[in-house]
Amino acid sequence: MLYKITKNEPREQVLEADPDEVLTFLNAVFRRCKVGEGNYALRAFEHSADGRCVLRRAVPFDGKIKGVLIEAANEIAARSAPSAVLSPPVCIFGNETRDGKSTATERNVLAAPAIVVDLDKAPRAGLEAARSVLGPPTLVVETGGLWAAPDGVQQPKLHVYWRLKSPATSDQEKIDLKRARRLAALISGGDRTAAALSHPLRLPGSWHTKGEPRPCRVVENNGEAEVELTAALELLQAEADAQGLKVENSRHADGRTGFKAETPLCRDDLLALAAAIPNPDAPDWNNWSNIGMAFYDASHGSDDGEDAFYAWSEKAASVHDLETAQYKWDHIRQYPPSNISTGTLVRLASRAQLGFQLPSGATIHEERRAEDFFDPVAGNPDAVGADGQEWPEPLDIFGHEDPASLSEPPQGALPEIIARWARSEARRKGVPLTFAAASAMTAVAAAIGGSLRIRPRVHDDGWTEPAAFWTALVADPGGAKSPTISAAVQPLRELDKERWKLDKPRHDEWLAASRRRGKDAPPPGAEPAIRRCVVDDITMEQQVRIHAANPRGLLRAPDELAGLLGSLGAYKKGADADRSQLLRLFDGGEITIDRVGSGTTRADSSLMTVLAGTQPDKIRSLTRDLGADGLLQRCIFVLDDGADRVGIDEPADGQALADYRHLVRHLAQAEYLPLTVVRASPDAQAVIVGAWRRISALQHLPGASGALQGHIAKWEKLLWRIALVFHCVNEFRRAGCVDCDIPVSMETARQAARFAGHLVQHSIEFYRRNYDASTTNTEAVGIAGWLLTRPDISTVTRRDIQQARKSLAGADNVRQLLKAMEELVIAGWCKEEARRVDGGTKWSVNPAAHERFIGRAQREKEERKRKHELIKEAGAARRALAEALELNSARGLNEGAFA
């Protein structure tokens with residue numbers, strides 16, 4: 001959540017606002033506004049993932065405004081950790097207040113003076129596109145930010161203003177102006193969120209202090225240029241129509257419109273939810289943002305939903321700020337949610353209040369939402385049955401992950417640089433977001449390699465973990481695995497190419513000198529290293545030679561994972577030795593290979609990262625042979641969700657591409673002292689240890705195969721490796737480098753734990769698909785499915801189960817029945833109510849199972865109905881065949897057929 005007071009460390013370099021730039025901006029943009037009427041909103045936001053507001057003040061829009069802006073710009077420019085941006089909204093506000101404070105929302109806009117476009121992608125082209133429609137802009141401002149074109153050339157980001165001949169003051173004029181700003185953004189490729197009249201924009205004359213300070217300055221001043229709102233709107237609409245562009249009030253990132261909730265909740269229901277859902281008085285941006293999105297979708301963006309969100313937000317009195325909440329609501333309106341809605345609110349309210357019911361009596365069907373992700377940070381709280389009896393929350397024993405849950409990590413699971421790059425590449429490649437995120441995480445890990453290690457324990461100096469993963473994207477042919485991997489690895493390949501041009505000539509010169517030297521001549525010196533980051537298909541011996549020259553590690557990126565693993569097959573001579581050596585590469589210790597003929601090859605450090613794609617059929621054929629020695633269990637398999645995606649032909653997010661490339665190249669070239677170790681803060685340590693405790697408990701999932709249990713055991717190491725990678729990414733974003741004395745923060749640990757939990761979901765589904773569950777688990781799943789079709793029964797007996805499950809009928813199957821019921825008791829589905837010497841005879845059923853698995857119950861009913869119909873059809877077909885045979889026999893025919 002956004003703070004009222006934030007830490008402000010002064011910047012060493014003195015940055016002062018430019019008074020002339022501030023005056024130029026005021027005279028050009030606000031020339032038609034009446035001085036002395038209304039208020040101007042001073043706003044500044046941190047350069048951080050949540051953009052915390054660090055300055056919020058309403059000042060009179062009078063003759064002193066220039067001095068006030070200069071003072072504010074100097075104050076914000078002096079900040080260092082964290083830096084911030086001065087971004088007041090480009091409008092004048094009225095006197096509407098809430099809790100005694102002037103509000104800075106669209107409803108309180110008194111006068112809006114300009115059509116504004118925020119060009120943060122392809123700014124030059126966007127400027128010319130807008131100029132061709134609206135004519136010369138009043139002002140063009142370089143914001144200080146930079147956009148990197150696909151060819152690597154950087155362009156300054158721009159804010160462009162067209163002053164109105166008369167400011168928009170009436171309700172209709174403000175509606176028209178907002179539409180004009182939306183159309184201008186569509187035509188120019190600008191940021192659509194800037195269409196809001198109260199949207200904050202960087203002040204000319206201030207400083208861009210994210211990274212190297214750069215001034216925000218006017219680069220084109222056509223002070224007399226103005227546009228008339230109605231005429232401008234007509235021009236913009238005509239151009240949009242000609243290009244087939246449409247303004248949608250509620251458009252999702254994937255292009256669809258509308259709301260997840262089919263019917264909006266009424267005001268009483270929304271306020272009841274706001275009252276029931278807890279909001280601890282502590283900052284939690286992700287939770288605050290998610291609740292806002294849920295109220296937005298559940299209310300279809302109505303004023304009632306907005307009021308309910310504010311009412312819930314106000315519970316955290318020390319951190320709540322109304323204007324920030326209003327800004328958040330406007331932002332959600334521009335970019336509405338797609339996977340969070342009413343079900344989230346009802347579930348949270350039900351967890352907090354026993355027997356919670358919506359005042360209207362409405363029933364909400366099960367929805368899969370953000371909190372349904374396995375979250376190793378928080379775990380799973382206990383639930384309470386409708387009858388008031390305490391039950392543990394029934395576990396999902398079906399094992400079939402909703403494909404949608406595999407496609408996208410939960411909120412707060414990724415560092416910003418990785419998240420932004422992954423979002424852009426996933427859209428352009430047409431792959432699940434997790435494909436791109438896991439690829440980026442693995443490539444960044446390869447860049448770090450063994451140059452840094454993390455120490456998981458406070459008092460154990462002997463255990464450290466490097467940055468390395470064996471990651472495989474699993475999808476059918478055409479799943480865009482290779483393009484995604486290529487994009488992630490590209491910065492490392494570029495670095496290899498540059499190094500090859502420098503190192504190869506030196507090595508050739510040394511080799512030639514070695515061959516020329518006489519018998520008694522001194523050697524020409526040590527063999528120059530050819531630095532490498534990436535290898536593709538290569539023999540084990542040759543890879544070890546390359547490791548010897550590159551001790552920080554290598555990324556192996558084969559076209560097909562099965563090719564790498566299959567090369568170690570049972571019929572390959574020396575396969576066992578290769579597999580043994582390959583296992584050693586996971587931790588990066590010393591490695592020696594002795595071969596008759598080629599001699600001894602040795603590397604003191606041999607860390608290998610793997611990033612590859614594979615197809616379900618190919619990896620399935622190898623799972624049986626690769627499960628015994630832990631080779632397969634070291635791999636992180638990321639599964640395709642099966643959605644029919646097509647890559648979107650759109651420009652890459654230039655800034656995201658540049659930030660990611662700069663990150664990878666920096667980490668791949670950074671030099672640290674030997675054996676440099678990163679530690680975790682005590683809070684981060686607690687988060688990771690708690691996450692491992694919850695993940696390790698998954699070894700006891702009903703029906704878990706031995707192979708899955710072996711894989712889960714590897715996650716203690718993997719958790720710490722993810723934490724190391726995310727720490728380096730976050731530190732690079734914060735400071736431009738990694739200071740090894742700064743410990744891993746609690747927030748970074750939470751990111752790592754959440755992403756690990758998401759990847760564990762993929763692992764569970766992978767092993768379910770490729771390893772058979774036990775008979776006990778199969779029967780338990782069958783009984784659970786039958787129970788979901790019978791919400792009318794609260795207890796079951798052996799006889800009930802045997803009648804429902806013919807495979808468990810008879811005395812010979814009682815032991816199997818009891819084992820299955822024992823598994824359901826452990827999973828929280830049932831409680832034993834009566835027993836005799838040989839075991840239980842009667843069980844009560846957890847009523848929460850029917851609430852949690854409404855969707856599964858419906859699928860079970862439909863499946864049973866479908867099977868019943870198929871059986872009826874088969875019976876009818878058999879009778880028809882018998883009748884045909886009897887008829888043909890009566891006719892003296894030897895063969896019958898359907899007429």
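1. In this predicted model, residues 24 or more positions apart in sequence account for 76% of the protein's contacts with a separation of 6 or more. Of its 899 residues, 51% count as buried, and the secondary structure comprises 28 helices and 29 strands.

2. As to the surface, the protein exposes about 40,800 Å², and 50% of that area is supplied by carbon and sulfur atoms.

3. The largest nonpolar core has 113 residues, among which Leu492, Trp715 and Val725 touch the most other members. Helix 13, covering residues 433–448, gives the most to this core, contributing 13 residues. A second core, separate from that one, has 35 residues, including Cys33, Ala73, Ala114 and Val218. In soluble globular proteins, nonpolar side chains tend to be buried together.

4. Val725 deserves a separate remark: when residues up to four places away in sequence are not counted, Val725 touches Met441, Val444, Ala445, Ile448, Ala467 and Phe469.

5. Helix 22, residues 715–735, can be checked for its length, because a rise of 1.5 Å a residue implies that its 21 residues should span 30 Å, and the C-alpha atoms at its ends are indeed 30 Å apart, in agreement with that expectation. Since 16 of these 21 residues are buried, helix 22 is largely enclosed by the rest of the structure. What follows helix 22, and what is the sign of its phi? The residue is Gly736, with a positive phi near 80°.

Conventions:
Residues are numbered from 1 along each chain as its sequence is written. This is a predicted model: local features need pLDDT of at least 70, side-chain atom pairs count only at pLDDT 80 or more; totals for chains, interfaces and linings use all residues. Side-chain values use heavy atoms; hydrogens and water are left out. Helices (H or I, at least four residues) and strands (E, at least two) are DSSP runs, numbered from the N terminus. Buried means under 20% relative accessible area, exposed over 50%, partly exposed in between (1.4 Å probe, protein chains only). Contact means heavy atoms within 4.5 Å. Accessible areas come from the Shrake-Rupley method with a 1.4 Å probe; for residues, only the protein chains shown count as cover. The expected span of a helix is 1.5 Å times one less than its number of residues. A nonpolar core is a set of buried Ala, Val, Leu, Ile, Met, Phe, Trp, Tyr and Cys residues joined through side-chain atoms within 4.5 Å.
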